[in-house]
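Biologist: Got a few minutes to walk me through this one? Put it up on the screen and I'll ask as we go.

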Amino acid sequence: MSALTWVSEGGRRLDSEISARAGVSRAAAQKWLDAGLVLVDGQARPKNHQTRQGEVVTVTPPPARPLDAQPEDIPLCIVYEDDALLVVDKPRGMVVHPAAGNEQGTLVNALLAHCGSSLSGINGVLRPGIVHRIDKDTSGLLVVAKTDAAHLGLSAQLEAHSMEREYRAVVHGRMRESEGVIDAPLARHPVHRKKMAVVPGGRRAVTHYRVLEQFPRFCYLSCRLETGRTHQIRVHMASIGHPLAGDPLYGPARGLSIGGQCLHAAVLGFTHPVTGEFLRFVSPLPDYFEALLKKLPTL
């Protein structure tokens, strides 16, 4: 894998900046730092180094190990593809990448069958090509990088909050305002480690929401992500008393039994990292979502 170089805007920990700019976990960034694979203005720096504006950061990722995930002939809904990237409309119920308990049947397994070795290696052997994720039971659009250069360019847009990501959601209760902004920091829940929570000192998270339709006991929303933290929309909406319908983790104990949260990544827009063209994609609501909308007036 070729070296990655950028000019820092400063003001953050080095491991955090590497994580954001290279699109890898902070743990992976720290391993690269410990292995001496990162230079700042030509010098090694500790992981807690506070970057300064104008510093040149160079990362030389380690050689890729043989792929742990295996190709599987799983149908994919590909809405766009070229030599640098592809955009996939992920179905509900599909896990994005292999992990404990979900080693097969994931989007990565399907991508390996479709693309072969033509996927970015920046995010590791279990997540080749994966720039950003959506939850297993969330349907909709995500972009996948075929090359390291495309991956770095897309990750930079995520870091700069310039990638357009708009979701459709059904939440419990009627909203008092027709639109609003939730600006609340998120971190791992201090007790329930599988959950995220609004935690003072957590990573800044911002969700913009707009009411599309009110129902007697539910509301249909558009949610636009300014940031993209784990479970962001699910946690933010629950934090203001409007958890997502069907959400088994953040919803009420006696919520709707619909196979998971009602959340769909409907709009994805970004600047192509190679051509500079702005691309925008819209995914229609899937059948499960449409069926619930029809039932809401009577629930």
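Modeller: Sure, and keep in mind that this is a predicted model. Let's start at Met237, which touches Val171, Met175, Ile182, Leu221, His242, Pro243 and Leu244, leaving aside residues up to four places away in sequence.

Biologist: Okay, and what is the largest nonpolar core like, how many residues does it have?

Modeller: The largest nonpolar core has 32 residues. Met237 is one of those with the most contacts inside it, along with Leu107, Leu111, Tyr167, Met175, Leu221, Ile233 and no others on that list.

Biologist: Which elements give two or more residues to this core?

Modeller: Strands E5 (85–90), E6 (139–145), E7 (164–172), E11 (206–214), E12 (218–225) and E13 (263–271) do, and so do helices H3 (107–115) and H5.

Biologist: And where does the largest share come from?

Modeller: From H3, with five residues.

Biologist: Let's look at H5, then. Why call it largely enclosed by the rest of the structure?

Modeller: Because six of its eight residues are buried. Those are Gln232, Ile233, Arg234, Val235, His236 and Met237.

Biologist: A histidine in that list! Is His236 buried or exposed?

Modeller: His236 counts as buried because its relative accessibility is 0%, and the cut-off for buried is under 20%. It sits in H5, which covers residues 232–239.

Biologist: What does the side chain of His236 make a polar contact with?

Modeller: The side chain of Thr207, at 2.8 Å. A polar atom of the His236 side chain also lies 2.9 Å from the backbone oxygen of Ala184.

Biologist: Which residues does His236 touch overall?

Modeller: Not counting residues up to four places away in sequence, His236 touches Ile182, Ala184, Leu186, Ala205, Val206 and Thr207.

Biologist: What about His208, where does that lie?

Modeller: In strand E11. Its side chain makes a polar contact with the side chain of Glu226, at 2.8 Å. With residues up to four places away in sequence left out, His208 touches Gly180, Val181, Ser222, Cys223, Arg224 and Glu226.

Biologist: I'm on a histidine roll now. What is phi of His231 near?

Modeller: Near 60 degrees, so to speak on the positive side, in a residue other than glycine. For background, most residues other than glycine have a negative phi. His231 lies in the loop between E12 and H5.

Biologist: Is His231 buried or exposed?

Modeller: Buried, because its relative accessible area is 14%.

Biologist: And His161, where is that one?

Modeller: His161 is in the loop between H4 and E7. Its phi is also positive, near 60 degrees. At 39% relative accessibility, though, His161 counts as partly exposed.

Biologist: Back to H5 for a second. What comes just after it?

Modeller: Gly241, just after H5, takes a positive phi of about 85 degrees.

Biologist: Switching topic to H1 and H2. At what angle do they pack?

Modeller: H1 (residues 14–22) and H2 (residues 26–34) pack at about 115 degrees, and their axes are 8 Å apart. H1 passes H2 in a right-handed crossing.

Biologist: Which residues make the contact?

Modeller: On the H1 side, Leu14, Asp15, Ser16, Ile18, Ser19 and Ala22, and on the H2 side, Arg26, Ala29, Gln30, Trp32 and Leu33. By class, that contact has six nonpolar, three polar and two charged residues.

Biologist: How many residues of H1 are buried?

Modeller: Eight of nine, so H1 is mostly covered. The buried ones are Leu14, Asp15, Ser16, Glu17, Ile18, Ser19, Ala20 and Ala22.

Biologist: What do the buried residues of H1 pack against?

Modeller: H2, helix H4 (148–159), and strands E1 (4–7), E2 (38–40) and E3 (56–59). After H1 comes Gly23, with a positive phi near 70 degrees.

Biologist: Last one, Ile74. Where does that lie?

Modeller: Ile74 is in the loop between E3 and strand E4 (78–81). Its C-alpha is 8.5 Å from that of Leu111, and the two are 37 residues apart along the chain. Residues up to four places away in sequence aside, Ile74 touches Met94, Gly105, Thr106, Asn109 and Ala110.

Technical notes. Residues numbered from 1 in each chain as written. Predicted model: local features only at pLDDT ≥ 70, side-chain atom pairs only at ≥ 80, totals over all residues. Heavy atoms only, no water. Axes fitted to C-alpha atoms, helices over the stretch in contact; angles between N-to-C directions. Helix = DSSP H or I, 4+ residues; strand = E, 2+ residues; numbered from the N terminus. Left-handed = near helix turned anticlockwise from the far one by under 90°. Contact = heavy atoms within 4.5 Å. Nonpolar A, V, L, I, M, F, W, Y, C, P; charged D, E, K, R; others polar. Buried < 20%, exposed > 50% of the residue type's maximum accessible area, 1.4 Å probe, protein only. Polar contact = N/O pair within 3.5 Å; in protein donor to acceptor, adjacent residues only side chain to side chain. Core = buried A, V, L, I, M, F, W, Y, C linked by side-chain atoms within 4.5 Å.
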